[in-house]
Amino acid sequence: MASLGATLKGILSLLVGLRITGKEFLRPTLTTHYPRKEVANLASFRGHIDLVGRDDAPAVPRCIMCGRCMELCPSGCISLGWRLEDGGTGGGPLLLAPGLPLKGSTRREPPAGPLGRELVHFRLSYTYCSLCGLCVQNCPAGALEFSREAYLAGTARGDFQFDLLARLRTRAAAPGARAHAA
Amino acid sequence: MTDLLLAILAHPAVRLVVALLVVMAFVGANGMGLVYLERKVAGFIQRRPGPYEVGPQGLLQPVADGLKLATKQLVCPQGADRLLFWLGPLLAMAPTAVCFLPIPFGPVLTGLELDAGLVLILAFAGLNVLALCLAGWGSNNKFALLGAARAVSQSVAYEIPLLLAALAVVLQEGSLNLSTLAAGQAGGVLSWNVFRQPVAFLVFFIAAVAETNRAPFDLPEAESELTAGFHTEYSGMGFGLFFVAEYTYMTVVCAVAATLFLGAWQGPFLPGVWWMLAKVYGLLLVMMWFRWTFPRVRFDQLLNLCWKGLLPISLANLAATAVILKLVG
């Protein structure tokens with residue numbers, strides 16, 4: 001008798017399943033036909049990373065050249081370089097919390113005044129990026145964000161080697177440049 | 001001259017050849033149509049459009065798929081038994097045409113009037129298992145062999161309730177001729193056998209889904225465990241023939257179910273053939289609906305359902321039919 005009850009219950013569950021799929025079958029489709037239509041809800045999309053410009057000078061990145069993103073990146077896809085403003089070369093990564101030296105770190109104490117450094121290049125090798133977001137999360141200056149590039153496509157590996165500094169300058173020069181609100 | 005032509009056309013041999021040609025054309029077109037229908041049904045159930053890019057509403061997608069399959073290289077794996085390997089898909093496809101011959105698509109639209117039409121269909125449909133077995137054995141591949149072993153035990157098991165369910169109707173009507181069985185259900189919807197033999201219909205349909213290796217009983221080609229089961233090693237049209245054969249057998253069992261239980265071509269207003277096709281494709285739609293609703297059963301569940309569930313039920317149904325016939329008739 002118990003097995004009969006279980007059987008009836010099972011049959012009922014099958015009918016419930018059929019009713020659900022039958023209902024969905026009759027309802028309109030939810031997908032967007034991409035090349036003809038595009039979705040509008042890209043605000044939460046995680047594209048590749050992009051540099052954020054300063055509020056007073058949108059073409060100048062907020063980056064303080066601490067090199068943290070480069071060190072954190074598990075795939076090693078970020079590389080940045082800078083030069084000293086007085087014309088000198090070199091100058092390694094800076095210690096972010098002065099007085100708290102990290103074991104084995106070659107970071108130097110930051111100068112008391114202005115940094116005196118200029119970002120020369122900030123390159124992203126997007127083919128290796130896994131979009132983990134560690135760089136964006138850990139940037140002390142809020143200089144990185146996710147772009148909204150949902151429709152990236154290319155035919156060569158070089159298409160995904162991004163010069164983020166150049167991208168920032170192009171975006172700042174473009175009419176109606178997006179002000180960053182972070 | 002006209003008399004001679006009519007005499008030639010009326011000859012049974014000519015009729016048979018014409019019927020076979022029509023059936024073969026139907027099998028091809030039906031396969032393409034069902035592939036499209038299946039993908040559209042899958043799409044709609046998952047709230048996506050399904051095939052959409054090739055032709056209006058993706059209507060030409062099966063043509064593109066067919067061209068792709070036909071132009072692909074046929075690969076025979078190393079160490080495979082070449083003869084059995086290629087015999088598999090051919091043997092899957094070859095008997096399908098015969099299965100359509102005794103089915104009454106209309107009052108006179110039957111390829112071959114046979115007194116034992118039902119037996120002919122069941123016998124030739126049974127050859128499909130042999131094809132799957134040969135394919136699995138000849139492939140020299142463990143997934144294929146496992147799939148074939150499953151196919152054999154599943155088909156052997158489910159053929160029995162399928163037969164017993166059909167036998168209940170045969171016993172009631174006293175004929176194995178499908179045209180007679182169809183004609184016996186004249187006189188409105190309520191005289192269809194589905195209302196006289198509801199248990200037999202349910203058992204028949206469930207067993208038919210299992211016999212044609214359709215989800216939720218698609219264990220011989222369970223993708224998640226056996227790659228593709230018995231047709232793992234087949235490329236191009238080798239796979240294509242299995243594919244078309246599967247859809248054709250689905251159509252055959254649905255046509256038999258429609259003939260045995262749903263009044264075949266009986267229906268008001270329209271000519272009989274449209275009613276028959278509507279019933280067949282309605283049943284096929286239900287099969288697709290099943291596939292995209294139910295998850296695959298485990299193998300022990302599959303065999304338990306047959307041996308402990310369907311078999312006793314269909315036997316009891318057959319016995320009850322016999323007793324009632326004895327008492328009433």
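**Notebook: cavities, pockets and backbone of chains A and B**

I began with the largest cavity, where helix 6 of chain B gives the largest share of the lining, six residues. The model is predicted, and I read each entry below on that footing.

**Entry 1: cavities**

I noted a volume of about 200 Å³ for the largest cavity. I counted 17 residues in its lining, and those nearest the centre are Ala125(B), Leu162(B), Glu211(B), Tyr249(B) and Val253(B). I then asked which elements each supply at least two residues of this lining. They are helix 6 (117-138), helix 7 (142-173), helix 10 and helix 12, each of chain B. By class, I recorded 11 nonpolar, four polar and two charged residues for the largest cavity.

I turned next to the second largest cavity, which has a volume of about 110 Å³. Its lining holds 15 residues, and I found Cys73(A), Cys77(A), Cys129(A), Cys132(A) and Cys135(A) closest to its centre. I classed this lining as 12 nonpolar, three polar and no charged residues. The count of cavities of 30 Å³ or more comes to four.

**Entry 2: pockets**

I looked up the largest pocket and noted a volume of about 1200 Å³. Of the 29 residues in its lining, Ile11(A), Leu14(A), Ile206(B), Phe217(B) and Leu305(B) lie nearest the centre. Which elements each supply at least two residues here? I listed helix 1 (2-26) of chain A, and from chain B helix 10, helix 13 and helix 14 (299-328). The lining of the largest pocket divides into 24 nonpolar, four polar and one charged residues.

For the second largest pocket I recorded about 750 Å³ of space. It is lined by 34 residues, and nearest its centre I found Val35(B), Leu69(B), Phe239(B), Phe243(B) and Tyr247(B). Helix 2 (12-45), helix 3 and helix 12 of chain B are the elements that give two or more residues to this lining. Helix 12 of chain B gives the most, with eight residues. By class, I noted 16 nonpolar, seven polar and 11 charged residues for the second largest pocket.

**Entry 3: backbone in the loops of chain B**

I checked the peptide bond between Ala215(B) and Pro216(B) and found it cis, with omega about 5°. I placed Pro216(B) in the loop between helix 10 (198-211) and helix 11 (223-226) of chain B.

I then looked at the loop between helix 12 (236-261) and helix 13 (272-291) of chain B, where Ala264(B) is found. Phi of Ala264(B) is near 45°, a positive value in a residue other than glycine. Phe269(B) lies in the loop between helix 12 and helix 13 of chain B; I noted a positive phi of about 65° for Phe269(B), although it is not a glycine.

Are these residues buried or exposed? Ala264(B) has a relative accessible area of 0%, and is therefore buried. Phe269(B) has 87% relative accessibility, so I entered Phe269(B) as exposed.

**Entry 4: surface patch**

I recorded a nonpolar patch on the surface formed by Met32(B), Leu59(B), Leu60(B), Val63(B) and Leu67(B), with about 440 Å² of accessible area together. I located Val63(B) in helix 3 (residues 61-71) of chain B. Why does Val63(B) count as partly exposed? I entered it so because its relative accessibility is 37%, and partly exposed covers what lies between under 20% and over 50%.

Terms used
Residues are numbered from 1 along each chain as its sequence is written. Chains are lettered from A and ligands numbered from 1 in the order in which they are written. This is a predicted model: local features need pLDDT of at least 70, side-chain atom pairs count only at pLDDT 80 or more; totals for chains, interfaces and linings use all residues. Side-chain values use heavy atoms; hydrogens and water are left out. Patches are made of residues with over 30% relative accessible area and no salt bridge: like charges are joined within 9 Å, nonpolar side chains (Val, Leu, Ile, Met, Phe, Trp, Tyr) within 5 Å. Accessible areas come from the Shrake-Rupley method with a 1.4 Å probe; for residues, only the protein chains shown count as cover. A salt bridge is a side-chain nitrogen of Lys or Arg within 4 Å of a carboxyl oxygen of Asp or Glu. Helices (H or I, at least four residues) and strands (E, at least two) are DSSP runs, numbered from the N terminus. Buried means under 20% relative accessible area, exposed over 50%, partly exposed in between (1.4 Å probe, protein chains only). On a 1 Å grid over the protein atoms alone, a cavity is a set of points where a 1.4 Å probe fits but cannot get out, and a pocket is an open set with protein on both sides within 12 Å along at least five of seven lines; lining residues have an atom within 4 Å of a point. Grid points are joined across faces, edges and corners, and a volume is the space filled by probe spheres set on the points. Ala, Val, Leu, Ile, Met, Phe, Trp, Tyr, Cys and Pro count as nonpolar, Asp, Glu, Lys and Arg as charged, and the others, Gly among them, as polar.
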